[in-house]
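Here is a short set of exercises to work through with the structure open beside you. Try each task on your own, then compare your steps with the solution.

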Amino acid sequence: MTLSEMNVARWEKEGSITVTTTLIPKLRPGELLIKVAASGLCGTDMHICHGETPHASKNVVIGHEFSGYVEAIHPDTITTLTLGQLVAIDPNMPCNACTYCRNRKYHLCPNLSCIGVSIHGGMSQYVAVPVRAAVPVPSNVPADVASLAEPLSCVVHAVDLGEIKTGDQVLVIGAGPIGLMTMALCATGGARVTVIEPNEMRRKNALDIFGASAAYAPGDLVPGDTLKGEGFDVVFECVGRAQTMTDALTFAKAGATVVWVGVAKTDATVTVSPFDVYRRELTIRSTYTNPYGMERAVNILADGKIQWKQLISHKFTLEQFDQAWAVFRDGQGMKVCVTP
Ligand SMILES: [Zn+2]
Ligand SMILES: [Zn+2]
C-alpha cells in the first residue's frame, strides 16, 4: 500500500464482502474528505452482500453507518465545518430536483443515492462525501457512539410515525439494535414498553439498559381480546420477517397503530384480513430511511440519557473485517463496529 492508497471493504461478488486496496478519493467541489473513525455493520449490508438490495451498485464500498473526522475540504465548498471536526454521516443523498424533493418528502426521491449502497461508503479508511451529508457531533460524544446516529435517525422517523403519546402501551417485537433504540425512544418519551425477543441476553439488555418494562420470549405473551381494549396502542415490528409482521397485528388493540420497521426480503408477502383491519380500525405504517432525523439523533446521543455505548458489542479493525463479518453473520452480538 502506498501513501495515496487505502483499505476498503467492497461488494465484488454475490455472497461475500472483500477487503481490497484502492486510491484515496480526490475531492470534487462541494465535497469533504472524511477520515473514518467508526463504521457499523447493519442488516442492509447483509442484504447487499446477497444481492437483495436492488439499488446497490456492484463493487460499491459498503458502510452507511459511520462517523469520522473532516480531513480535507474542497476549496469550492460552502460549509461551517472545520478540519478535524467529528461528524456523523447521513448517507441518503436526494436529487433536489424531483417532486418529492420539492415537497418535503426527499426520502422518497426516486433518484436517491445512498453512501455505502449506491456510492462508495465508510467501510473504508477515507471517503469523499457531499458536504450536506456531514452532521457535526459535539465533543462529549465518542466517535463509535457517533456511528450510531444513522440507525438512530431511522428510529427517530419510525417513532414519529408511531405517534406515541405519554402513557401509551407500546410493544416492540425484536430487540436487535433497531428494536433497542426504538424502545429507548418510546420509554424516554413516556410510554410503557413491552418487548418480545428470543435471545435472553437481548431481553436482559432491553430491561436493564433500554427502558423496557416487560420482556417475553416469543410465544410467552398471548394476545388478549384486542376488541375489548387488551393489547397495545402502538406496535413496532423490528425484525423484518413475514411472521413477526403479522404477529404485530395480533397484538394491536382496536384503534392501534402498527409500524413495520424491519426490512423484509424483497419477495416476502403476508396475509392480512381487510375485515379485521376494518373492524379494529388499525393503522399499518411503514417507515423508510431517516428524513430530517440526523441532527435529532445526534442530539439524543449527546444528551446521554441512555447508555448508547452498550449497543456496540464488538469492535474490529478493517484488517480484521472477515472476523467482524463472521460475528455479525452469527447474529449473537449487537452492533459490530469497525474502526479503520
Ligand atoms: Zn443500516
Ligand atoms: Zn429527488
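**Exercise 1. A strand and its neighbours**

How many of the residues of strand E10 (residues 169-173) are buried? Then find the strands that pair with E10 and describe the path of the chain.

*Solution.* Keep in mind that this is a predicted model.

Step 1. Begin with burial: 4 of the 5 residues in E10 are buried, so that the strand is mostly covered by the cut-off of 20 or more other C-beta atoms within 10 Å.

Step 2. Look to one partner, strand E11 (residues 192-196): it pairs with E10 in the parallel sense, over 5 bridges. Within this pair, Val-172 has Val-195 as its bridge partner in E11.

Step 3. Follow the chain from E10 through H5 to E11, and you trace a right-handed β-α-β crossover.

Step 4. Now take strand E13 (residues 232-237), which runs parallel to E10 and is joined to it by 4 bridges. Here Leu-171 stands opposite Val-235 in E13.

**Exercise 2. Three antiparallel partners**

Which strands are joined by bridges to strand E3, and in which sense do they run?

*Solution.* Step 1. Locate E3 at residues 31-40, where 9 of the 10 residues are buried.

Step 2. Go through the partners one at a time:

- Strand E4 (residues 66-73) runs antiparallel to E3, with 7 bridges between them; Ala-38 has Ser-67 as its bridge partner in E4.
- Strand E8 (residues 126-130) is also antiparallel to E3, joined by 5 bridges; Val-127 in E8 is the bridge partner of Ile-34.
- Strand E17 (residues 335-338) is antiparallel to E3 too, with 2 bridges; Gly-40 is matched with Cys-337 in E17.

**Exercise 3. One face of a helix**

Which residues of helix H9 (residues 294-303) are buried, and why do they line one face?

*Solution.* Step 1. List the buried residues: Met-294, Ala-297, Val-298, Ile-300 and Leu-301.

Step 2. Look down the axis of H9: the buried residues fall within an arc of 160 degrees, so they line one face of the helix.

Step 3. Recall a general rule: an α-helix has 3.6 residues a turn, so residues three or four places apart point the same way.

Step 4. Ask what the buried residues of H9 pack against: strand E5 (86-89), strand E9 (134-136), helix H3 (143-146) and helix H4 (149-162).

Step 5. Move just past the end of H9, where Gly-304 takes a positive phi of about 70 degrees.

**Exercise 4. The core and the domains**

Which residues have the most contacts inside the largest nonpolar core? Then work out how the domains take part in that core.

*Solution.* Step 1. The largest nonpolar core has 105 residues, and Ile-34, Ala-149, Met-183, Val-235 and Leu-301 have the most contacts inside it. Helix H5 (residues 177-188) gives the most to this core, with 8 residues.

Step 2. Zoom in on Met-183: leaving aside residues up to four places away in sequence, the residues it touches include Val-172, Val-195 and Phe-210.

Step 3. Bring in the domain assignment, which gives domain 1 (5-147 + 307-338) and domain 2 (155-286). The core draws at least three residues from each of these domains.

Step 4. Compare positions and contacts: the centres of domain 1 and domain 2, taken over C-alpha atoms, are separated by 29 Å, and 10 residues of domain 1 are in contact with 8 residues of domain 2. On the side of domain 1 that touches domain 2, helix H1 (residues 43-49) gives the most, with 3 residues.

Technical notes
Residues are numbered from 1 along each chain as its sequence is written. Chains are lettered from A and ligands numbered from 1 in the order in which they are written. This is a predicted model: local features need pLDDT of at least 70, side-chain atom pairs count only at pLDDT 80 or more; totals for chains, interfaces and linings use all residues. A residue is buried if 20 or more other C-beta atoms lie within 10 Å of its own, exposed if 12 or fewer, and partly exposed in between; C-beta atoms are placed from the backbone. The arc is that of the directions from the helix axis to the C-beta atoms. Two residues are in contact if their C-beta atoms, placed from the backbone, lie within 7 Å. A nonpolar core is a set of buried Ala, Val, Leu, Ile, Met, Phe, Trp, Tyr and Cys residues joined through C-beta atoms within 7 Å. Domain bounds come from an automatic or database domain assignment. Two strands pair if DSSP finds at least two bridges between them. A crossover is right-handed if, with the strands pointing away from the viewer, the path from the first strand over the helix to the second runs clockwise.
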